[in-house]
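Good morning, everyone, and thank you for making the time. I would like to take you through one structure this morning, so please have the display in view as I speak.

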Amino acid sequence: MHLSPPPAAGLEASLFRLYRDFFDRAERKRRWSLRDDVPWHQCNPALDPAVADVVESSCAVELYLPDYVRNAMALWRPSRACTWFYANWGYEESKHSLALSDWLLRSGQRTDEQMADLEGRVFAREWDLPHDSSLGMMVYAMVQERATALNYRNLRRRTQERGGDPALEKLLLLVAVDEQAHYRFFQECVQLFLKHDPDGTLEQLRRVMNSFMMPAIHELADGRRRVAQIKGLEIFSEDTYYREVYLPVLESLGVRRSEMRNRLPARKAAGSGTR
Ligand SMILES: [Fe+2]
Ligand SMILES: [Fe+2]
């Protein structure tokens with residue numbers, strides 16, 4: 001892993017403002033209680049087990065939290081804005097895996113032994129960074145958060161269609177709102193980098209977005225089966241990625257699809273507009 005140099009002073013100040021806005025908004029509008037805000041007595045044990053299988057896979061992805069935090073903190077060590085963000089992010093993500101595993105147990109869809117087995121399999125292997133640059137990982141995080149928010153939104157829709165479960169529906173809503181807020185933070189950061197270093201940022205956008213895969217799920221021995229279940233319930237697919245992640249993210253950044261191909265003339269520096 002290459003330890004990145006600190007962001008330039010002006011850029012770091014802008015990143016820190018984004019972090020403070022993110023944090024203030026989270027404190028005011030987005031904090032939720034795992035104990036009090038989910039109607040746990042309304043779990044539906046008769047819900048289609050196919051939904052529970054995908055909840056379990058999402059829980060497994062969230063359980064790789066130690067690897068995400070460890071790697072992100074090391075990469076972004078020189079930036080207070082980013083490391084403070086990741087401290088807050090880690091707290092929120094830790095709640096996600098708790099919420100999903102609590103639901104699997106309380107609904108009766110999984111036993112304590114099954115959950116212990118899942119945790120054992122997750123912690124047996126470490127998740128390695130898919131990209132070696134801090135900016136590449138920021139782009140990756142942006143895309144992954146957007147994809148995760150959609151994943152939970154669609155899982156909630158399937159839950160409603162396949163028997164309903166007020167507890168799961170509410171927790172998926174709370175988690176999806178968190179993921180969308182994470183996406184927005186990373187998207188605003190990438191926008192800053194795009195102004196500051198257009199060519200370097202475009203290069204990372206190409207590297208990451210043209211070959212994106214969801215994290216960690218492939219690390220599991222039964223990863224292939226889990227991906228097939230996610231596609232089977234029409235929760236996430238290559239097509240979802242292209243239509244609902246790739247194109248809208250590029251549009252939000254003001255990046256043209258033609259710029260995502262290689263061998264393009266260099267962009268003009270900041271202030272020249274992004275299109
Ligand atoms: Fe999460
Ligand atoms: Fe997230």
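Let me begin with a term: a residue counts as buried under 20% relative accessible area, as exposed over 50%, and as partly exposed in between. Arginine 243, at 46% relative accessibility, therefore counts as partly exposed, and aspartate 239, at 42%, is likewise partly exposed. Please keep in mind throughout that what you see is a predicted model.

These two residues also make a good first example of a contact, since the side chains of aspartate 239 and arginine 243 meet in a salt bridge, with 3.0 Å from N to O. Both of them lie in helix α10, which covers residues 238-253, and they are 4 residues apart, about one turn of the helix. As a general point, side chains of opposite charge can pair when their charged atoms come close.

Let me stay with salt bridges a little longer, because the count for the structure comes to 17 of them by the distance rule of 4 Å between a side-chain nitrogen of Lys or Arg and a carboxyl oxygen of Asp or Glu. Another of these joins arginine 31 to glutamate 92, at 2.9 Å from N to O. Arginine 31 is in the loop between α1 (9-30) and α2, whereas glutamate 92 is in helix α4, so this pair ties together parts that are 61 residues apart in sequence. The two partners differ in their surroundings, as arginine 31 is partly exposed with a relative accessible area of 28%, while glutamate 92 is buried with a relative accessible area of 1%.

A further salt bridge is the one between glutamate 56 and arginine 226, whose closest N and O atoms are 2.9 Å apart. Here glutamate 56 comes from helix α2 and arginine 226 from helix α9 (residues 223-232), so the pair ties together parts that are 170 residues apart in sequence. Glutamate 56 and arginine 226 are both buried.

Now let us turn to the metal site. Which residues coordinate the iron ion that is ligand 1? The donors are Glu62, which appears twice through OE, together with Glu93 (OE), His96 (ND1) and Glu179 (OE), at 1.9 to 2.6 Å. Along the chain, the donors of this iron ion (ligand 1) follow the spacing E-x30-E-x2-H-x82-E. The iron ion (ligand 1) and the iron ion (ligand 2) are 3.9 Å apart, and glutamate 93 coordinates both. Glutamate 62 in helix α2 (residues 49-63) and histidine 96 in helix α4 (residues 80-106) link distant parts of the chain, being 34 residues apart. Is histidine 96 buried or exposed? It is buried, with a relative accessible area of 0%, and glutamate 62, at 6% relative accessibility, also counts as buried.

From the metal site I move to the nonpolar interior. The largest nonpolar core has 82 residues, and those that touch the most other members are Trp103, Met142, Leu171, Phe186, Leu205 and Met209. Helix α7 (residues 166-196) gives the largest share of this core, with 15 residues. To take leucine 205 on its own, and leaving aside its neighbours within four places in sequence, its contacts include Val139, Met142, Val190 and Leu194, as well as Leu253 and Met260.

My last topic is the aromatic rings, for which a search of the whole structure finds 16 aromatic pairs. Tyrosine 68 and tryptophan 89 form one that is edge-to-face, with 6.4 Å centre to centre and 75° between the planes. This pair links tyrosine 68 in helix α3 (residues 65-75) to tryptophan 89 in helix α4, 21 residues apart, and both residues are buried. Phenylalanine 85 and phenylalanine 185, by contrast, form a stacked pair, with 3.9 Å centre to centre and 10° between the planes. Phenylalanine 85 belongs to helix α4 and phenylalanine 185 to helix α7, 100 residues apart, and each of the two is buried. One aromatic cluster takes in these four residues, among others including Phe22, Trp127 and Phe186.

Finally, there are charges that sit over rings: arginine 80 lies over the face of tryptophan 84, at 4.8 Å from the ring centre, and the charged end of arginine 146 sits over the ring of tyrosine 183, 5.8 Å from its centre.

Definitions and conventions:
Residues are numbered from 1 along each chain as its sequence is written. Chains are lettered from A and ligands numbered from 1 in the order in which they are written. This is a predicted model: local features need pLDDT of at least 70, side-chain atom pairs count only at pLDDT 80 or more; totals for chains, interfaces and linings use all residues. Side-chain values use heavy atoms; hydrogens and water are left out. Donors are N, O and S atoms within 2.8 Å of the metal (3.2 Å for Na, K and Ca); water is not among the atoms, so sites may look incomplete. Helices (H or I, at least four residues) and strands (E, at least two) are DSSP runs, numbered from the N terminus. Buried means under 20% relative accessible area, exposed over 50%, partly exposed in between (1.4 Å probe, protein chains only). A nonpolar core is a set of buried Ala, Val, Leu, Ile, Met, Phe, Trp, Tyr and Cys residues joined through side-chain atoms within 4.5 Å. Contact means heavy atoms within 4.5 Å. Rings of Phe, Tyr and Trp (its six-membered ring) pair if their centres lie within 6.5 Å; planes under 30 degrees apart count as stacked, over 60 as edge-to-face and the rest as tilted. A charge sits over a ring if NZ of Lys or CZ of Arg is within 6 Å of the ring centre and within 35 degrees of the ring normal.
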